[in-house]
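Work through these exercises with the structure open beside you. Try each task before you read its solution.

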Amino acid sequence: MSDAIDIRLTVNGEPVARHVPARQNLVDFLREELGLTGTRAGCEHGVCGACTVRVDGAATRACLIFAAQLDGARVDTIEGLSESGEIADLQAAFHARNALQCGFCTAGMLVTTAELLRDIPAPSRAEIRDHLSGNYCRCTGYHAIVDAIETVARQRCAAKGGT
Amino acid sequence: MTERPLSFLDRPNSYIGRSVPRPNAQRLLHGRGTFVDDIRLPRLVHAVFLRSPYAHARIISIDATAAAQLPGVVRVVTAKDLAGRYTPWVGVLTHMKGLKSAPQHPLAVERACWQGEPVAALVAESRAVAEDALAHIVVDWEELPAVADAETVLAPGAPAIQPALGDNLAFARSIDVGAVDDAFARADAVVEDHFTVARHTGVCPETRSILADFNPADRQLTVHHSSQAPHMMKEIILRHFPLAEPDVRVICRDVGGSYGIKIHVYPDEMAVIALSLLLGRPVKFVADRLESFVSDIHAREHRIGARMAVSKSGEILAIAVDDLTGIGPYSTYPRTSAVEGNQVINLIGSWYRCANYRARLRVAFQNKPPMSQYRAVGHPIACAVTEMLVDRAAQAIGLDPAELRRRNLIADDAYPWTSPAGLRLERLSHQRCLERMLELMDYAGLRREQAALRAKGVHRGIGLASFVEITNPGPAFYGVGGAPISAQDGCTLRLDPGGSVTLAISVTEQGQGTETAVAQIAASVLGVSLERVRVVTGDTERTPYGGGTWASRGTGIGGEAALQAAKALRANVLALAGAILQAVPDTLDIRADWIIDAASGAQRIRLHEVGRAGYFRGDTLPPDVQPELVATRHYQPREYPFAFTNGVQASWVEVDVDTGFVTLLKHWVVEDCGTVVNPLLVDEQIRGGVVQGLGAALFEECSYDAQGQLLNGTLADYLVPMAGEMPDIVVAHLVTPTTTSELGAKGVGEAGTAGAPAAVMNAINDALLPFGARITTQPATPQRILRALKRT
């Protein structure tokens, strides 16, 4: 098919080669082609943040980028971030604080949060809320999520010997 | 503070009242959940729907020839192709006298009655192929006049949307109790307002999803459904498709939010079942976000005129209301679309002593998507109308709004109480909740801060709202009216040979924490550790029969079933342990996975040794002992139709009078849901519910033009609450257990949504008070606030 393109990329640390339709977005590619169903399509126009993954280190809406654009890229999804242990403390804090209910938004929320704490190690509650403003959660009302992130920020700062 | 007597729940190592995190949240945190769209089956095909672009149109013809010939397309069907393969459904309940509706079909028959109604279905090997092909279906439409406005549809001579029904009045009901006219005549002040509450919708993070898998070889239909009520859905399928009871299984695995949206029968989902039966292969449908906005049920849409009479001394003398609600072209099946309005007029004023009450409800058909039950059905409207009138009454007689509430809330020692609309209230704590709230929020201090800031041109407002919540409904809610909706739930507990417990229960989980709460109860009563309890829900083949999770009933009803099942299993285990140990069972107990001597606490044998003896070593048991290591119990509330809860919310806001923007500074909730099984989960139910209410009060609106066209059907245009705009929410509890169950738990899922809009609307109006401006329309958008301030 002339509208398909060959790409090679790294997904969760593993090399992947595929022949993808030019119009296939990343969230469909991850889910349909690679079986990485932890990334979810919520609104498919970049508003809800459920499909947020990491592309070359940056939190990215997987519904707003085509797989065909990602030749040579490094993509990390909730599956990879879980297996590497990188966000284990965030997951533990979300669990302890019940910062998720239905769990549909959670993968996107965690990817966004990981980026926040990389860029702002000790964010205020207002900064946390601001950074999460592109991630829709219908269940929690956000308060518990903000609490969980605040806890992890504090733990990480303490582990580093304070801010 | 707990008033209930010591019971099984107070055993050593009890998990009741402990903030245990949800074991089943781990898979969701690791991207390992299983939502319907994650399920892939061999020969799976994907359904998409052609939906009416008009609010009202005749379908002259549908030509699918070109679409059907495209590579990858499996089948295109219209109403004609499905005729005779199902029976239509009608959304009425016999106990709602006079409620009428027309038969509904999976695909529109000859005429579409709302923009978004499914008209044709196309099945293809992939969703993308299906969507491409859909564009090749040609429909010849004749657009018909649409009647979208609930007021005009009831005008004399308005064309009937369902001609066979004669007119557009689906349901009407009146209440007139006490001496209302007399009370208004002798009042020192009468306040009157007109309230408008827009349509909004659920916006579930996971859109509606269904995978129907019919295997023609053995005539088994398995339906994977994003739903709250698998047993109900099975009954619905049996009623409307030619299948036998043993041949249908409904499975609900992870559900990405529901809030009442996923408890109704949707035409497109019924079409998917019909398609799987027709094709004999698995068919999946996942609504996209745009079609969710025009095909999920909408909520609310009320216009209410309301008056309150009050005496100089601050006694509420009478309330009179007139509610008009628009429900779309059909009453939704099987819960109907009349319960929302019915609950509005049932609930208004029901937390005050006022005995004079008049209400009229009219429920109107219109050419918009169907409206039906959504989280806190009717409650936020009843609460906002009542509490906004209370604030105005307080102003009218120059009394502080907290004081007016104090003088009129039903006294905590006055129960049982029956409201003017006939609601029977078992035992509530409005007065104590109000006092606790005023202390928690430092009401007096906030009033001082407000006055000081006002002098500096900063306009902040304080809003209070008392409320009740209907929870744990009994069979008189739906079952009595003929709906296949169970008010009872069952729990089966099995001791496994390794000493762990499998708990299968008919209530369901959509993230509330149902599974954790019932596991905590069973573990506490049995004396086993929580990590040894495995919970199974959401499968008609693997759980006892029951209603599912809705109307804040999961813990109150399912939890009681778990408690009773655990007592029964405990007795069975101790009987076997007694046989093994040659001890009287009554002298034994189970604690921390050990059989112990009850009096001394001495450990006798491990629980798993009882399991192993029972299952593998019958040879060691006395000949008359037949081990029975499974127990099942069911529960349904009978004494009261509902277990009411109560509480009060408060909101602290700042209004920018130049832009109309509202900043939510803080929100408080004091709530009484009886026994709190898991404080962590209860508080998060309240917070999440509050934010859904805040969305309704400030942002959410399905905007329609006069032709019934949705103007904001995307998440970019329809505003939902996001983290940046939401406040921190302080939650506190009083505990008044219901005495109708041993557990004493009432529900909590809807309390937040019930009271939040009233609190924030009162806070906004409190901020606007110096300007003589007032807003009574929800959502209170900046534009509407500026209009109220006469600044546009």
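**Exercise 1.** Find the handedness of the unit made by β27(B), helix α18 and β28(B).

*Solution.* Start with the elements: helices (H or I, at least four residues) and strands (E, at least two) are DSSP runs, numbered from the N terminus. Strand β27 of chain B covers residues 662-672. Helix α18 of chain B covers residues 679-698. Strand β28 of chain B covers residues 729-733.

Next, check the pairing. Two strands pair if DSSP finds at least two bridges between them. Five bridges join β27(B) to β28(B), and the two run parallel. In one of them, H667(B) has I729(B) as its partner.

Now the handedness. A crossover is right-handed if, with the strands pointing away from the viewer, the path from the first strand over the helix to the second runs clockwise. This β-α-β unit is right-handed.

The model is predicted: local features need pLDDT of at least 70, side-chain atom pairs count only at pLDDT 80 or more, and totals for chains, interfaces and linings use all residues. Residues are numbered from 1 along each chain as its sequence is written, while chains are lettered from A and ligands numbered from 1 in the order in which they are written.

**Exercise 2.** Sort the side chains of β28(B) by face.

*Solution.* A residue is buried if 20 or more other C-beta atoms lie within 10 Å of its own, exposed if 12 or fewer, and partly exposed in between; C-beta atoms are placed from the backbone. I729(B), V731(B) and H733(B) point to one face and are buried. V730(B) and A732(B) point to the other face and are not buried.

**Exercise 3.** Repeat the analysis for strand β21 (residues 533-536) of chain B.

*Solution.* V533(B) and V535(B) share a face and are buried. R534(B) and V536(B) point to the other face and are not. Four bridges pair β21(B) with β20 (residues 501-505) of chain B in the parallel sense. L503(B) has V535(B) as its bridge partner. From β20(B) the chain crosses through helix α15 (residues 514-526) to β21(B), and this β-α-β crossover is right-handed.

**Exercise 4.** Which residues of helix α12 (401-408) of chain B are buried, and why do they line one face?

*Solution.* The buried residues are P401(B), A402(B), L404(B), R405(B) and N408(B). Seen down the axis of α12(B), they fall within an arc of 160°, so they line one face of the helix. The arc is that of the directions from the helix axis to the C-beta atoms.
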